[in-house]
Amino acid sequence: MTLSDLLNSNHHPRAHKHRGTRVIIAFLSLASVVLLWQMLIWVNQLPPYILPSPLRVWTQFVIVLNDGSLLRHTLITLGETLGGLALGLSIAAVLGYVLAHSPVLEKFLEPYIVASQSVPIVAIAPLLIIWFGSGLTSKVLICALIVFFPALINTIVGVRSVEQDLSDLMRSLRADRWQTFIHLELPSALPMVLSGIKIGATLAVIGAVIGEFVSADRGLGFLITSARNNFDTALVFVAIFALVIIAIALYGTVAMLEKILLKWKQ
Amino acid sequence: MLKLLSGLRTPTTGEVIFEGERVHATPEKIALVFQKANLMPWRTVFDNITLPLELKNLPAHKKESRAREMIDLVGLGGFESAYPRELSGGMEQRVAIARALVQYPDVLLLDEPFGSLDALTRERMSLELLRIWDRYGKTVIMVTHSISEAVFLADRVLVFTPRPGSLRAEIPVGLPRPRNLEMTYSKEFGEIASRVRVEIGD
């Protein structure tokens, strides 16, 4: 469901019909996956600790939903993700802007930036836990680190995408540094920056889970680890679905922001 | 050439003097129209036109009334809230001209503003420019590669040599005003055009 669908459905009667078909298709798609899942269990005689049935997962979902534990863990992971996203994006935006304007500084920092990208985040996660403890801080830092690189690159490319002719225009209008930033550089870079945020949003969720896998006593990553230790595979499934929902919600929010902010593009 | 006049580029030799002062940056009284319409794609027609005033921090009501005036002048009524991608090439250039005129400049610099338009639109925009100039009555300096356009629009045609660009000839155009398209078929028009042609060489 996109925003433009919502807007269009008000005055296009055909959109209603179209959407009805789409809902039916989505439902059929979901139903066939659930059916296939169930068939897999029946045919192979799989025990629930290998592959729990859809019904078992649903029951587990209702249980953890009602006792509030699912919401608690989800909010923890969401908090880490958002915190890391905000931190990573802010640093990337500021540094990206500076680097876009200073090729010398870019050359100077390039090896370190590339190196930071080549080190697998899973490998540094334990180090960050050692340094910053197993609380919120280390998770936020892991998320920020994973978000940083794509956001930085997109910011640099975005700021450099300013058209020479438009900068000439701004100069001919005697715009000062700040005005050029607000009226030219920011809107020019926005499409690239937003797509950087979109990539970062999904990566940040991964970062949070990695951090929780290494060491944590709460969060969806922790829930997965502890459920696995208890052979509660159904709960692992519930946690995975919750993670997927967080990722989709974040992605969807940025996509919606894109639709509003980049209205001039469509 | 116009980038020199407007102070966007520095000349290799000599200097640009405007009203007794050397030009470093674009003077307040000079406005530019570029080869491309050069609109900001994220701003509507109205917001593109008000950009120069916004940068000068003019109060909203002043911005509004001046922009209205220019929109009427260039004939863009009804397109205020359209985005540049929804406009035709000719309309985009009208916006660009309105954006220049909204600054109430004493000198308007046009850098091949109709170069990317098709022949018919170009002709229509020439007439439009004459009409605007007639009502606005300020100095216009225009660069063009079209001889007929130059002769049709101008009081004086200056012919420049290609690279390095230097002044080769000045040809006065004695055609009466207001001008109309029929004049382009007159003997006088043809004579002036062929003089320009000869000065340009091959």
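**Entry 1: H4(A) against H11(A)**

I looked up how helix H4 (residues 69–101) of chain A packs on helix H11 (residues 233–261) of chain A: the axes come within 11 Å and cross at roughly 40°. The model is a predicted one, in which local features need pLDDT of at least 70 and side-chain atom pairs count only at pLDDT 80 or more, while totals for chains, interfaces and linings use all residues. Residues are numbered from 1 along each chain as its sequence is written, and chains are lettered from A and ligands numbered from 1 in the order in which they are written.

For the terms, I note that helices (H or I, at least four residues) and strands (E, at least two) are DSSP runs numbered from the N terminus. Axes are lines fitted to C-alpha atoms, for helices over the stretch in contact, and angles run from 0 to 180 degrees between N-to-C directions.

I record H4(A) and H11(A) as oblique to each other on account of that angle; angles under 35 degrees count as roughly parallel, over 145 as roughly antiparallel, 65 to 115 as roughly perpendicular and the rest as oblique. H4(A) passes H11(A) in a right-handed crossing (the near helix is turned clockwise from the far one by less than a right angle; anticlockwise would be left-handed).

I then listed the contact residues: H4(A) brings Leu70(A), Thr74(A), Thr77(A), Leu78(A) and Thr81(A), and H11(A) brings Val238(A), Ala242(A) and Ile246(A). Two residues are in contact if their C-beta atoms, placed from the backbone, lie within 7 Å. By class, this H4(A)–H11(A) contact holds five nonpolar, three polar and no charged residues (Ala, Val, Leu, Ile, Met, Phe, Trp, Tyr, Cys and Pro count as nonpolar, Asp, Glu, Lys and Arg as charged, and the others, Gly among them, as polar).

**Entry 2: H4(A) against H10(A) and H7(A)**

I next took helix H10 (residues 220–229) of chain A, whose axis is 7 Å apart from that of H4(A), at an angle of about 130°. H4(A) and H10(A) are therefore also oblique to each other. His73(A), Thr74(A) and Thr77(A) of H4(A) meet Leu220(A), Gly221(A), Phe222(A) and Leu223(A) of H10(A). I count three nonpolar, four polar and no charged residues in the contact of H4(A) with H10(A).

For helix H7 (residues 136–160) of chain A, I found axes 6 Å apart from H4(A) and an angle of about 35°. The crossing of H4(A) past H7(A) is right-handed. The contact of H4(A) with H7(A) comprises 22 nonpolar, six polar and three charged residues.

**Entry 3: Chain A as a whole**

I checked the secondary structure of chain A and found 11 helices and zero strands. The C-alpha atoms of chain A fill a box of roughly 75 × 60 × 30 Å along the principal axes.

The domain assignment of chain A gives domain 1 (1–46) and domain 2 (53–265); such bounds come from an automatic or database domain assignment. Taken over C-alpha atoms, the centres of domain 1 and domain 2 of chain A are separated by 29 Å. Six residues from domain 1 of chain A and four residues from domain 2 of chain A make the contact. The largest share of the domain 1 side, four residues, comes from H2(A). That side of domain 1 of chain A divides into four nonpolar, two polar and no charged residues.

**Entry 4: Chain B**

I noted that chain B is divided into domain 1 (30–143) and domain 2 (147–202). The centres of these domains of chain B, over C-alpha atoms, are separated by 25 Å. Five residues of domain 1 of chain B are in contact with five residues of domain 2 of chain B. Helix H5 (residues 119–136) of chain B supplies the largest share of the domain 1 side, four residues. That side has three nonpolar, one polar and one charged residues.

**Entry 5: The contact between chains, and confidence**

I looked up the contact of chain B with chain A, which takes 15 residues from chain B and 13 residues from chain A. Helix H2 (residues 45–55) of chain B gives the most to the chain B side, with three residues. By class, that side has 11 nonpolar, three polar and one charged residues.

On confidence, chain B averages a pLDDT of 84, and 98% of the residues score at least 70 (pLDDT is the predictor's confidence in each residue, from 0 to 100). Within chain B, confidence is lowest in helix H1 (residues 2–5), at a mean of 70, and highest in H2(B), at 93. I recorded ipTM 0.82 and pTM 0.80 for the model.
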